[in-house]
Amino acid sequence: MNTVVVGTQWGDEGKARVVDFLAQEADAVVRFQGGSNAGHTVVVNGEKFIFHLVPCGILHLGTKCIIGNGLVVDPGELLMEMKTLQSKKITLKNLYLSSGAHVVMPYHRKIEEREENRRGRRKIGTTKRGIGPAYVDKTARRGIKIGDLLNKEILAEKLKMNLAFWKNSYELDFSEEDILKQYLEYGRKLRKYITDTSLLIHRLIEEGKNILFEGAQGTLLDIDHGTYPFVTSSSTIAAGACIGTGIGPRYIDEVLGVTKAYTTRVGKGPFPTEIKGEIGKILKERGKEYGATTGRPRRCGWLDAVILRYAVRVNGLDELILTKLDVLDTLDKIKICTAYKYKGKTVKNFPFQLNGWEECQPVYEEMEGWKENTSRLSAYKDLPYRAQLYLRKIEAIGGIPIRYLSLNPERTNIIKIS
Ligand code: IMO
Ligand code: MG
């Protein structure tokens, strides 16, 4: 069984806890896009693990963890993450890194910083991990791949060309020689993990293994289908799993969408259901909505069903996994946005072609809150009736069932629903 797990919002939906849970049944967990902009948090017996590049499956002994070709990898960050895991006695013997993944260079971060400053008030609010410029180099066909780190001549030649290109546009104070030395060292350290991961995944599929494809970011941050230009630079939707690993779409058996019971966003860009007042603060504090990568406070708002239906469509979602429902426990009223009002018209479909996001007003349906603590519940039948109604409403509006519900961050607190 090959399952893709993606976020249906702007990232931070709780994908990691879901992937960690599903990984119990998986033989391999594969990342297929993004890079260390992702911050995937798993809590095990009170201990917090934050993953940026390594798939969350690494916490399960024997599960293969594969970093696919679709990522942009900062080798320094990867090695640091690996070291932290080793210090916590997590074995890395099942870690595999695609030779085709692109490399984030030190100047990519610098370029990103300059680009953001240049944008002024139109800045994107990126994670400053060099993700955008690394994908720019990939698309412009001058990128450096992980496999290149294993060959001094090739790396020297590619680095020379790449750095010269950027130095033409930016004043950059980077020594080619120092970078070459450092990145060859990275190559030496990573060598034993580097392989043809497409072939590896194919073999696993042929053996009938269970593979989980772990999405990073979320549907609305997708380079093609998100709220462009306030997006990340990769294909975050389910189709990205094929491109970013080198397997055909026929091998994907199911696609699961992870949806938070409310909405958050870090960085700039449209967010029609954002709450600026007291309730926004409650969600931020109760939900601990601070970025796992940058520590920035996340903007908070109500669940947006326009976006949910859109995510169902562009990902081809089979079922949903709803997270952090317990964050809503204290609220008197809970709202779901079912449509937007735009220039006097009701818009029910995601306004993909729209430039006037600021003028979109959410149309809400209001429900009574349940006002009971749900964070320790372990069965659907124990959920307060009004919380059950909220779930049923989401299913009805989204048009697909909710399979699991995740309450507090502990890995054991996932309830099967459908
Ligand atoms: P996970 O996987 C939430 C956002 C940034 C910014 C935009 C572009 O933890 O859900 P980038 O650095 O990618 O060029 O930034 O995308 N962003 C995320 N927001 N969760 C993430 O990852 C994100 N990764 C990038 O805040 O708005
Ligand atoms: Mg995150």
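The exercises below, each with a worked solution, concern a predicted model of a protein with a ligand.

**Exercise 1. The shell around ligand 1**

Task: find how many residues surround ligand 1 and which are the closest, then state how the shell divides by residue class.

Solution. Step 1: count the residues around the ligand. Ligand 1 is surrounded by 20 residues, and D12, K15, H40, T127 and T232 are the closest. Step 2: sort the shell by class. There are 7 nonpolar, 10 polar and 3 charged residues.

**Exercise 2. Polar contacts of ligand 1**

Task: for K15, G39 and T127, decide whether a side-chain or a backbone atom approaches an oxygen atom of ligand 1.

Solution. Step 1: a polar contact here is a pair of N or O atoms within 3.5 Å. Step 2: take the side chains. A polar side-chain atom of T127 is 2.6 Å from a ligand oxygen, and one of K15 is 2.7 Å from a ligand oxygen. Step 3: take the backbone. In G39 a backbone N or O atom lies 2.9 Å from an oxygen atom of ligand 1. Step 4: look at the cover on the ligand. Alone, ligand 1 exposes 550 Å², of which the protein buries 98%.

**Exercise 3. The sheet and its helices**

Task: give the strand order of the open sheet, name its edge strands, and find which helices lie on the sheet.

Solution. Step 1: read the order. The 10 strands run β9-β7-β5-β2-β10-β1-β11-β15-β19-β20, and the pairing is mixed. Step 2: find the strands that pair on one side only. These are β9 (194-195) and β20 (414-416). Step 3: examine one pair. Strands β2 (residues 28-31) and β10 (residues 211-214) run parallel and are joined by 4 bridges; A28 has I211 as its bridge partner in β10. Step 4: add the helices. Helix α7 (residues 197-206) lies across β1, β2, β5, β7, β9 and β10, at about 145 degrees to β5. Helix α11 (residues 385-398) packs on the sheet as well, touching β15 and β19, and its direction makes about 140 degrees with that of β19.

**Exercise 4. Backbone exceptions**

Task: locate the cis peptide bond between Y228 and P229, and the positive phi values of D12 and K371.

Solution. Step 1: recall the background. Most residues other than glycine have a negative phi, and most peptide bonds are trans. Step 2: place the cis bond. Omega between Y228 and P229 is about 5 degrees, and P229 sits in the loop between β10 and α8 (240-243). Step 3: place the phi values. D12, with phi near 60 degrees, lies in the loop between β1 and α1 (15-22). K371, with phi near 50 degrees, lies in the loop between β18 (361-368) and α11.

Terms used: Residues numbered from 1 in each chain as written. Chains lettered and ligands numbered in written order. Predicted model: local features only at pLDDT ≥ 70, side-chain atom pairs only at ≥ 80, totals over all residues. Heavy atoms only, no water. Near = heavy atom within 4 Å. Polar contact = N/O pair within 3.5 Å; in protein donor to acceptor, adjacent residues only side chain to side chain. Areas by Shrake-Rupley, 256 points an atom, 1.4 Å probe, with all protein chains shown as cover. Nonpolar A, V, L, I, M, F, W, Y, C, P; charged D, E, K, R; others polar. Pairing = 2+ DSSP bridges. Helix = DSSP H or I, 4+ residues; strand = E, 2+ residues; numbered from the N terminus. Contact = heavy atoms within 4.5 Å. Axes fitted to C-alpha atoms, helices over the stretch in contact; angles between N-to-C directions.
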